[in-house]
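User: Please examine one part of this model closely and then relate it to the rest of the chain.

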Amino acid sequence: MSIPTDYPFDFDPTYGMTLADLQAIRPPEAPEGFDAFWQKRYAKALAVKPGPRLSPSKDTHPDWQVRDIVYTSTDDISIGGWLLTPRKGEVRRGLVVGHGYGGRDQPEFDIPVEETAILFPCFRGMSRSAHPPISPDAPGHVLHDIDDPDHYVIGGCVEDLWVAVSALRSLYPSLDSHIGYSGISLGGGIGALAIPFDSRIERGHLTVPTFGDRKLWLTLPTVGSAHSVQEYAKTHPGVLEKLRLFDAATAATRIRIPMLAAVALFDPAVAPPCQFAVANALPRSKFNEIFILDAGHFDYADSAVQQTALRERVGRFFRGL
């Protein structure tokens, strides 16, 4: 193991917890109306006709045809991103890939899948989906309409994911029952919230997912988006009750499809107890896998080795789509 011991933070990004401590964390109970809240939002998203528009991209790759894509999400918000399709072979499966709170300025070309149409949407307000007055930066983005659950930006991002699935299906009708989702950090938390309510998603992969156990998320020191909300909560003590509707660990207890979760023992941006709250919430199943990273959101000695191993695991996992 190569958990970092030298770091520039005034707190310990392991929070003093061992692997056994982290594996013992249980997800919080759902607030009243949790399922109805998300089911209503899902119905709203399903009613949207995304009308994906494709155009040539400046990005190129020898194995992938790269096109820019724009589709219409809920609230008539335009979502931009990229669509990759294989230059050789058929499209037999689809994959939606969510990004972290740094946004996205290009697609990833090293995702280990074949015969796959890969959609890289930018969540509303960020990168190619800029939408003032939503801030494009994490500290402001995570606060946008936070006191109004029906309009909180995180719920809108979940809807963007659902509509991304609709966009893929409209482009490739044959992908029905062959669509997966992969998300990291912000995208991991969004995925945990979205997957249990969308039966069109058949497999999910979450890496260092955020938004797990919001009560802990609001109390543990961090350099991530939670810090902005922690500062806000000092003058808005009722924010936790609203955020309970957006708890990724609570949502993960409702996931019934095969999942691969990669969680870290050390992470200054997404506290490991919150990550493990999501991973531990997944039902015990021979189809679910947990991959342990020494650290997340931080360079460390064995990072390349572990990322290579995780990449191989992801490739095997999505071949089952």
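Is cysteine 157 buried or exposed, and what is its relative accessible area?

Analyst: Cysteine 157 is buried, at a relative accessible area of 0%; buried means under 20%, exposed over 50% and partly exposed in between, with a 1.4 Å probe and protein chains only. The model is predicted, so local features need pLDDT of at least 70 and side-chain atom pairs pLDDT 80 or more, whereas totals for chains, interfaces and linings use all residues. Residues are numbered from 1 along each chain as its sequence is written, and side-chain values use heavy atoms, without hydrogens and water.

Cysteine 122 also counts as buried, with 0% relative accessibility. Its sulfur lies 11 Å from the closest cysteine sulfur, that of cysteine 157, which is too far for a bond. Cysteine 157 accordingly takes part in no disulfide, the sulfur of cysteine 122 being the nearest at 11 Å. Across the whole structure the search finds zero disulfides, a disulfide being a pair of cysteine sulfur atoms within 2.5 Å.

Another cysteine, Cys274, belongs to helix H10 (residues 272–281), where ten of the ten residues are buried. Among these buried residues are Cys274, Phe276, Val278 and Asn280. Helices are DSSP runs of H or I with at least four residues, strands are E runs with at least two, and both are numbered from the N terminus.

Cys274 also helps to line the largest cavity, together with residues including Tyr15, Trp217, Leu220, Thr222 and Val270. A cavity is a set of points on a 1 Å grid where a 1.4 Å probe fits but cannot get out, and lining residues have an atom within 4 Å of a point. The lining comprises nine nonpolar residues, one polar and no charged.

The backbone offers further details. Serine 185, in the loop between strand S6 (179–184) and helix H5 (186–194), has a positive phi of about 55° although it is not a glycine. Histidine 297 likewise has a positive phi of about 55°, and is placed in the loop between strand S9 (289–293) and helix H11 (303–318). Their surroundings can be compared through accessibility: serine 185 counts as buried at 9%, whereas histidine 297 counts as partly exposed at 39%. Most residues other than glycine have a negative phi, and most peptide bonds are trans. A cis peptide bond, with omega of about 10°, joins proline 132 to proline 133. Proline 133 is found in the loop between strand S5 (116–121) and helix H3 (138–141).

Technical notes
1 Å grid on protein atoms, 1.4 Å probe; cavity = no way out; pocket = protein on both sides within 12 Å on 5 of 7 lines; lining within 4 Å. Nonpolar A, V, L, I, M, F, W, Y, C, P; charged D, E, K, R; others polar.
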